[in-house]
Structure formats: structure tokens, C-alpha cells
Amino acid sequence: MACVTGKKAYPTKERALEALVDQRGRFEYRSNSGPINVYHCDDCGEWHFTSKGDMHEYLQSADIQKRIADQREAEYWERKLR
Ligand SMILES: [Zn+2]
């Protein structure tokens with residue numbers, strides 16, 4: 001569903017968080033910039049990313065931090081070898 005905010009919408013909080021982890025793995029965000037949390041939208045009833053507020057605790061977990069770091073390293077080598 002298209003949303004008036006123009007942001008990409010995810011049907012559930014879990015899906016939005018997974019996509020957020022994926023995005024942070026693919027782009028070089030500094031730890032305190034870029035999307036860090038998700039919120040439920042009153043306009044479309046789905047979930048969007050936000051860069052405001054505190055980082056979601058899911059993103060702060062060691063497992064997820066490692067996953068993001070591993071993915072970034074993979075992306076780095078992929079760009080370098082392209
Ligand atoms: Zn929305």
C-alpha cells in the first residue's frame with residue numbers, strides 16, 4: 001500500500017526490523033545515523049523506518065551487530081572485486 005509519507009511500508013514490525021538490519025548492513029551508516037528504529041504509521045497502518053529516537057534494542061543485540069558487521073564486510077569485498 002502506498003503511504004502519504006512516501007516511505008516504504010512493511011506489514012509487520014518484525015518485517016520492518018529485518019529490512020532495517022538488512023539496510024544497515026548494505027549502507028555505511030555511522031552508528032548514530034541512518035534509520036535506527038521502526039514505527040507504526042497512523043496513515044497507512046503499516047510500519048516505516050525512522051532515524052529519530054533511540055536505536056531499537058533488537059539492533060543493539062550482539063547477534064544483530066555481528067550480522068550487520070559481517071554483511072558490511074561482504075559488501076566491501078564485493079565492491080572492491082567488481
Ligand atoms: Zn505510512
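Which residues does H48 touch, not counting residues up to four places away in sequence? In this predicted model, H48 touches C3, T5, K7, K8, A9, N37, V38, Y39 and C41.

## H48 and its surroundings

H48 has its place in strand β2. With a relative accessibility of 0%, H48 counts as buried, because buried means under 20% relative accessible area. Among the residues that H48 touches are C3 and C41, and both of these, like H48, are protein donors of the zinc ion.

T12 lies 36 residues from H48 along the chain. The C-alpha atoms of T12 and H48 are separated by 9.5 Å.

## The zinc site

The zinc ion has its protein donors in three cysteines and a histidine: C3, C41 and C44 each through SG, and H48 through NE2. These donors lie 2.1 to 2.4 Å from the ion. In sequence, the donor residues follow the spacing C-x37-C-x2-C-x3-H.

The angles among the four donor atoms are 105 to 116°, and the site is tetrahedral. For four tetrahedral donors, the ideal angle at a metal is 109.5 degrees. Of the donor residues, C44 is buried, with a relative accessible area of 9%, and H48 is buried at 0%.

## The hairpin

Strand β1 covers residues 37-40 and strand β2 covers residues 47-50. The two run antiparallel and are joined by four bridges. One residue of β1 can be followed across: V38 has F49 in β2 as its bridge partner.

Together β1 and β2 form a hairpin, with six residues between them. In the turn, G45 has a positive phi of about 80°.

In a regular strand the side chains alternate between the two faces of the sheet. Both faces of β2 are covered. W47 and F49 are on one side, H48 and T50 are on the other, and all four are buried.

## Aromatic pairs

The count of aromatic pairs comes to three. One of them joins Y10 and F49, whose ring centres are 5.3 Å apart and whose planes are at 15°, so the pair is stacked. This pair links distant parts of the chain, 39 residues apart: Y10 is in the segment before α1 (13-26), and F49 is in strand β2. Both Y10 and F49 are buried.

Another of the pairs is formed by F27 and Y29. Their ring centres are 6.1 Å apart and their planes are at 45°, so this pair is tilted. F27 is partly exposed, with a relative accessible area of 42%.

## The nonpolar core

What makes up the largest nonpolar core? It has 12 residues: Y10, A16, L17, A19, L20, V21, V38, W47, F49, L59, I64 and I68. The elements that give two or more residues to this core are α1, β2 and α3 (62-81). The largest share, five residues, comes from α1.

Y10 and F49, the stacked pair, both belong to this core. So does V38, the bridge partner of F49. L17 is another member of the core; leaving out residues up to four places away in sequence, L17 touches V38, H56, Y58 and L59.

Methods
Residues are numbered from 1 along each chain as its sequence is written. This is a predicted model: local features need pLDDT of at least 70, side-chain atom pairs count only at pLDDT 80 or more; totals for chains, interfaces and linings use all residues. Side-chain values use heavy atoms; hydrogens and water are left out. Donors are N, O and S atoms within 2.8 Å of the metal (3.2 Å for Na, K and Ca); water is not among the atoms, so sites may look incomplete. Four donors count as tetrahedral if all angles lie between 85 and 135 degrees; four count as square planar and six as octahedral if opposite donors are over 155 degrees apart and all others between 65 and 115; anything else is irregular. Buried means under 20% relative accessible area, exposed over 50%, partly exposed in between (1.4 Å probe, protein chains only). Two strands pair if DSSP finds at least two bridges between them. Rings of Phe, Tyr and Trp (its six-membered ring) pair if their centres lie within 6.5 Å; planes under 30 degrees apart count as stacked, over 60 as edge-to-face and the rest as tilted. A nonpolar core is a set of buried Ala, Val, Leu, Ile, Met, Phe, Trp, Tyr and Cys residues joined through side-chain atoms within 4.5 Å. Contact means heavy atoms within 4.5 Å.
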